[in-house]
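Hi there,

Here is the structure I promised to pass on. Have a look at it first, and my notes follow underneath.

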Amino acid sequence: MGETIADHLTKSSAGDGIRFPHSLYTADICDEVAESVVNFQRRYGGRSEQITDRLDRYRKLLEKATGDVKQAASHNDKRGPAYTLCPYFAVRSLSDKWWQVMLRIWNSAEKTDNSAEISPVVSITDVFSLQQAFEYVPSALSPRMFFWIPSFDERRAPASHLRQLKQVVETSSAQNYELINLYGGYFSILLGKFGLTGFNNGLGYSESRAWPTLGATGAAPARYYMRRLHAYLPPATATAMIDIDSAFSCSCRICSNGKRPNDLSYHELKQHFALARAWEIERSESCTVQDLCETMRDDANRSEVAKSSLPGSLRIPTDHLSQWADALES
């Protein structure tokens with residue numbers, strides 16, 4: 001993030017703690033931060049010779065995952081990143097003092113070479129301020145914008161928040177912005193029907209993030225992704241539900257060999273999730289919004305029937321399905 005921030009980090013680490021107040025990020029410091037972060041990304045593709053060991057490790061993992069030696073060896077090691085992201089800070093609202101730092105960061109990014117290739121990132125906790133926040137982004141930056149709503153969990157978000165996010169996506173798409181959600185799941189896939197360009201998540205985790213916990217996250221827990229619920233369940237709970245109603249079973253190549261969720265290894269659980277996510281994307285692209293909403297409501301009703309035959313102590317989320325459908329049809 002530039003020499004000044006690096007120097008501050010070194011000096012602070014010798015004391016009682018590391019503090020980076022918003023007042024530290026003056027206009028000059030923001031110039032440093034923007035230039036350093038952007039240049040790091042732009043030059044990353046040329047670092048292949050310096051990180052050969054790491055690239056070899058990834059190549060071997062790719063070979064193991066695909067079984068294709070030629071595919072693993074054919075990648076151009078000197079490719080740069082597909083997107084260049086502007087540095088960003090998570091803010092609570094437009095009245096947050098860190099919001100002023102974000103405005104300085106964007107102003108600094110405007111002054112860099114080829115600023116139109118830099119994608120701004122808007123991270124704001126208040127979903128009702130998201131659209132207004134987009135309007136502050138300088139037109140000199142790329143119209144492909146990333147956003148992150150800290151603590152926004154698609155399966156737990158209130159219906160009003162889901163409707164608001166859908167409206168923001170529709171409005172921004174109509175204004176020719178390409179929005180990409182930094183943390184999302186099936187609801188973000190559905191928002192693709194309304195103009196969302198893309199979303200991100202890990203294998204079985206990171207569909208949402210709360211900024212205070214970023215430093216305490218770890219590996220994904222061993223969970224089974226129930227396709228028709230679009231939710232994670234403990235493998236034993238998923239097995240019990242499938243035993244009650246086989247309609248909740250999965251036909252992916254991991255599950256179709258007769259293995260139940262309880263029988264899957266940690267690696268197989270992640271493979272199943274990847275295949276389930278691909279199934280969700282493909283299905284969303286081939287079905288209408290009305291059909292998708294009708295299916296979610298039907299699956300919610302069916303899961304409620306199945307739950308009635310299981311111990312009440314088992315947590316099986318279903319309410320989000322109807323909430324998603326209501327939000328999409330509002």
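**Ser284 and its surroundings**

Ser284 sits in helix α10, residues 266-286; helices are DSSP runs of H or I with at least four residues, strands are runs of E with at least two, and both are numbered from the N terminus. Before going further, the background: this is a predicted model, in which local features need pLDDT of at least 70 and side-chain atom pairs count only at pLDDT 80 or more, while totals for chains, interfaces and linings use all residues. Residues are numbered from 1 along each chain as its sequence is written, and side-chain values use heavy atoms, with hydrogens and water left out.

Ser284 counts as buried because its relative accessibility is 3%. (Buried means under 20% relative accessible area, exposed over 50% and partly exposed in between, with a 1.4 Å probe and protein chains only.) Leaving aside residues up to four places away in sequence, Ser284 touches Ile189, Leu190, Lys193 and Leu292, where a contact means heavy atoms within 4.5 Å. From Ser284 to His272 it is 12 residues in sequence and 18 Å in space, C-alpha to C-alpha.

**The whole protein**

The secondary structure comes to 12 helices and eight strands. The radius of gyration is 22 Å, which agrees with the value near 20 Å for a compact globule of 330 residues; it is taken over C-alpha atoms, and the globule rule is 2.2 Å times the number of residues to the power 0.38. Along the principal axes, the C-alpha atoms fill a box of roughly 65 × 50 × 45 Å. Of the 330 residues, 42% count as buried. Among contacts with a separation of 6 or more, 66% are between residues 24 or more positions apart.

**Cores**

The largest nonpolar core has 76 residues, and those touching the most other members are Tyr25, Leu130, Leu165, Met226, Leu229, Met241 and Met296. (Such a core is a set of buried Ala, Val, Leu, Ile, Met, Phe, Trp, Tyr and Cys residues joined through side-chain atoms within 4.5 Å.) Helix α5 (residues 97-110) gives the most to this core, with six residues. Another core lies apart from it and has six residues, including Val121, Phe146, Ile180 and Tyr183.

What does Leu165 touch, not counting residues up to four places away in sequence? Its partners are Val127, Leu130, Phe147, Ile149, Phe152, Phe187 and Leu191.

**Some loop residues**

Two residues have a positive phi although neither is a glycine: Asn176, at about 70°, and His230, at about 50°. Asn176 lies in the loop between α7 (159-174) and β5 (178-181) and is exposed, with a relative accessible area of 63%. His230 is in the loop between β7 and β8 (231-233) and is buried, at 4%.

Gly202 belongs to the loop between β6 (198-199) and β7 (224-226). Buried or exposed, then, for Gly202? Gly202 is buried, with a relative accessible area of 15%. Its C-alpha atom is separated by 27 Å from that of Thr288, 86 residues apart along the chain.

Lastly, Ser93 is found in the loop between β1 (84-85) and α5. Not counting residues up to four places away in sequence, Ser93 touches Trp99 and Ile124. The C-alpha atoms of Ser93 and Glu268 are separated by 41 Å, with the two positions 175 residues apart along the chain counted as their distance apart.

Best wishes
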